[in-house]
Amino acid sequence: MACANFTVIGLQWGDEGKGKVVDRLAEASRYVVRYCGGANAGHTIVVGGQRFALHLIPCGILRPSTVNVIGNGVVFDPPVAMEEITRLRARGVSVGPENLLISRTAHLVMPWHKAEDAASEQALGDAKIGTTARGIGPCYADKARRSTAIRAEDLLDAAALTEKIRTIGQRKNTLLAALYGAEPLNLNAIAEQYATLGREFAPMIADTGGLLRKANAAGKRILFEGGQGSMLDIDHGTYPFVTSSSVTACGVPAGAGVPPSAVGRVVGLVKAYTTRVGSGPFPTEQDNETGNYIRQRGREYGTTTGRPRRCGWLDLFAVRYTADLSDVAEVALALLDVLGGLKEVRICTGYRVAGRCVEAFDPTLLGVAEPVYETLAGWEAELGQCRTFADLPDAARRYVDRVEAILGRPVGVIGVGPEREQMIAHHTEVPELAELR
Ligand code: GDP
Ligand code: IMO
Ligand code: MG
């Protein structure tokens, strides 16, 4: 039997609108699983005018029939997760061990990770990465170092956890003072806080990899929810201006504890333009009136940090590369409505370096690349009410046609607004999305 699972990933620099598509597909899934990143993610779902911004909790949480899983590849931040759960509960969303599980081998983000993230960025000055300051990089660094790591399973034994926090915390305090002149963190207070959180999270901590493998073998549908975007991937992105985990579909097996065959149909999210938060090369950036127009219409301010996002034209040369990396079956083209009102719209189809066209995409070239553009006519109409491809103005249809032709992959659905319903089914082969038609 063919694998019925889905993997939803971002094909740019994050914030492509993954939350909205995951929420739609979650309706038809039994499990929704995060496999990379942590609270650096900010995924938005808008239902009936109500906006939900999720950071650590998977986007299936609004669908009562799903079990949401924080996989082993995620760095789990207990205080942030508890705050998020409390906010969801206050809005009537039930969250408990029946619909949220945390991998026992997920690594814990500790206060010293956040302190190091912030201090390191400050020390780097103009060379900073522009991180979300959520302690993501330092936590993954400790995971790789092993001797200074703490995992979710450690929350289950308060005495051992306290001892680890004391010994590891002392080393961290010494390092932070020596490197950055930082004040020592209060380790007793941290031990107390994490012991309390440990009691609350204990019923949710499980062997999620084992559970997912069993569910997969039994044919239950799993939806893997990517964080960040493929150009931020630790190996394949614009290093060092990347995040610290494997965010493409290639990260799913390792980050969720499932075999590669469980990845299923890969849906790649592409924003109709490009945004980037933080430092790093961005060839199609429009640091001008056009960029400001897109930022205002698209409300392009970080879901996690509130930072204004850098905006620019759609870079399909980069997207062709990231779509190949994960062998994307179909693309979800999001936020097409935002481009309305521009006289002309542009698509980057290639790069020139030192006056010559580049043959193969190479993420190390972005700092010196000049984009090659195809210019298309813009459209005036607002697209928020369009529900079929035929409803779109000619110029918007032509834009979508060009995206498909240049990428050589089908555009499955088109986003025309933030609401759950503001989506057009186009060439999707997913029956649940085709029903939108
Ligand atoms: P994610 O991190 O990929 O889940 O994306 P974010 O939630 O960080 O950013 C996407 C933003 O665009 C959110 O504010 C969404 O509500 C919004 N959004 C998603 N799809 C559409 C769309 O098709 N049109 C418009 N106008 N907004 C959208
Ligand atoms: P979602 O899942 C956009 C960026 C940061 C920074 C770089 C490294 O909402 O698409 P980190 O804190 O991970 O060490 O920061 O990665 N970044 C994101 N940008 N969307 C995200 O997540 C991001 N997660 C990390 O801005 O440039
Ligand atoms: Mg986001």
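Here are some notes on two ligand sites and one helix in this predicted model.

1. Let's start with ligand 1. It has 19 residues around it, and the nearest of them are G17, K18, G42, T44 and D337. If you want to find the site on screen, those five names from the list are a handy place to begin.

2. Now zoom in on the backbone around ligand 1. A backbone N or O atom of K18 sits 2.8 Å from an oxygen atom of the ligand. For G19, a backbone N or O atom is 2.9 Å from an oxygen atom of ligand 1. G42 joins in too, with a polar backbone atom 2.8 Å from a ligand oxygen. How much of ligand 1 does the protein bury? On its own the ligand exposes 580 Å², and 93% of that is buried by the protein.

3. Which elements give two or more residues to the shell around ligand 1? They are helix α1 (18-26) and strand β3 (43-47). Sorted by character, the shell residues come out as five nonpolar, eight polar and six charged.

4. On to ligand 2, which is surrounded by 20 residues. The closest are K18, H43, T132, Q228 and T243. You've already met K18, since it is also among the residues that come nearest to ligand 1.

5. Side chains do some of the contacting at ligand 2. T132 places a polar side-chain atom 2.6 Å from an oxygen atom of the ligand, and a polar side-chain atom of T243 also lies 2.6 Å from a ligand oxygen. Q228 uses its backbone instead: a polar backbone atom there is 2.7 Å from an oxygen atom of ligand 2. Taken alone, ligand 2 has 550 Å² of accessible area, and the protein covers 97% of it. The shell here is made up of six nonpolar, 11 polar and three charged residues.

6. Last stop: helix α9, which runs over residues 289-297 and has G291, I294 and R295 buried. Why do these buried residues line one face of the helix? Look down the axis of α9: they fall within an arc of 100°, so they end up along one face. Part of what covers them is β13 (310-312).

7. Check both ends of α9 while you're there. At the N-terminal end, N288 acts as a cap, with a side-chain oxygen 3.0 Å from the backbone nitrogen of T290. Just after the helix, R299 takes a positive phi of about 45°.

Technical notes
Residues numbered from 1 in each chain as written. Chains lettered and ligands numbered in written order. Predicted model: local features only at pLDDT ≥ 70, side-chain atom pairs only at ≥ 80, totals over all residues. Heavy atoms only, no water. Buried < 20%, exposed > 50% of the residue type's maximum accessible area, 1.4 Å probe, protein only. Helix = DSSP H or I, 4+ residues; strand = E, 2+ residues; numbered from the N terminus. Arc of directions from axis to C-beta. Contact = heavy atoms within 4.5 Å. Polar contact = N/O pair within 3.5 Å; in protein donor to acceptor, adjacent residues only side chain to side chain. Near = heavy atom within 4 Å. Areas by Shrake-Rupley, 256 points an atom, 1.4 Å probe, with all protein chains shown as cover. Nonpolar A, V, L, I, M, F, W, Y, C, P; charged D, E, K, R; others polar.
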